[in-house]
Amino acid sequence: VYYVYILFSAKHKKSYVGMTNDLERRLLEHNSGYSPYTAKFGPWELLHAESFESGQDARQREKYLKSGAGRRWMKKTIKWPRSSACLVLRRARRAE
């Protein structure tokens, strides 16, 4: 089983989309400074996760969520803490 997940850092008002086959381990890695990007903006909380049978399907969904259409979907669908979806998605877009 593979997961596509959305993390949120309330401290920095940032979001992160990723993919893994071990969600618990990956969240721990993000919060432990294992990943260079997420190390700068923690702590991270899991906001949303989806499971897939194949890595290929999960990768396709991850790519979609990182696209403009995917960001719009996240803004409409995901319940963001403190109504900060617009701010988070604008900042994520600038970072690309």
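1. Let me start with how the chain folds back on itself. Among contacts between residues at least 6 apart in sequence, 58% join residues at least 24 apart. Do keep in mind while reading that this is a predicted model.

2. Next, the overall make-up. The chain has 96 residues, and buried ones account for 38% of them. Its secondary structure amounts to 5 helices and 3 strands, and following the sequence gives the pattern β-β-α-α-β-α-α-α.

3. The sheet is a good place to look next. It is open and built from 3 strands in the order S2-S1-S3, with antiparallel pairing. Strand S2 (14-20) and strand S3 (45-52) are the edge strands; each has a single partner strand, so one side of each lacks a neighbour in the sheet. On average, neighbouring strands are turned by 15 degrees against each other, direction ignored.

4. A closer look at one pairing may help you find your bearings. Strand S1 (residues 2-9) runs antiparallel to S3, and 7 bridges join the two. Within this pairing you will find Ile6 opposite His48 in S3. Helix H1 (residues 23-31) packs on the sheet and touches S1, S2 and S3. The direction of H1 makes about 30 degrees with that of S1.

5. Now for the inside of the model. What is the count of cavities of 30 Å³ or more? The structure holds 1, and the volume of the largest cavity is about 30 Å³. Its lining consists of Tyr5, Leu7, Leu23, Arg26, Leu27, His30 and Leu46.

6. Which element gives the most to that lining? Helix H1 does, with 4 residues; S1 and H1 each supply at least two. By character, the lining residues of the largest cavity divide into 5 nonpolar, 1 polar and 1 charged. I would view this lining together with the packing described above, since H1 also touches S1, S2 and S3.

7. Finally, a residue outside the helices and strands. Lys40 sits in the loop between helix H2 (36-39) and S3. Is Lys40 buried or exposed? Its relative accessible area is 55%, and exposed means over 50%, so Lys40 counts as exposed. Lys40 and His12 are 28 residues apart in sequence, while their C-alpha atoms are 9.3 Å apart in space.

Notes. Residues numbered from 1 in each chain as written. Predicted model: local features only at pLDDT ≥ 70, side-chain atom pairs only at ≥ 80, totals over all residues. Heavy atoms only, no water. Pairing = 2+ DSSP bridges. Axes fitted to C-alpha atoms, helices over the stretch in contact; angles between N-to-C directions. Contact = heavy atoms within 4.5 Å. Buried < 20%, exposed > 50% of the residue type's maximum accessible area, 1.4 Å probe, protein only. 1 Å grid on protein atoms, 1.4 Å probe; cavity = no way out; pocket = protein on both sides within 12 Å on 5 of 7 lines; lining within 4 Å. Points joined across faces, edges and corners; volume = space filled by probe spheres on them. Nonpolar A, V, L, I, M, F, W, Y, C, P; charged D, E, K, R; others polar.
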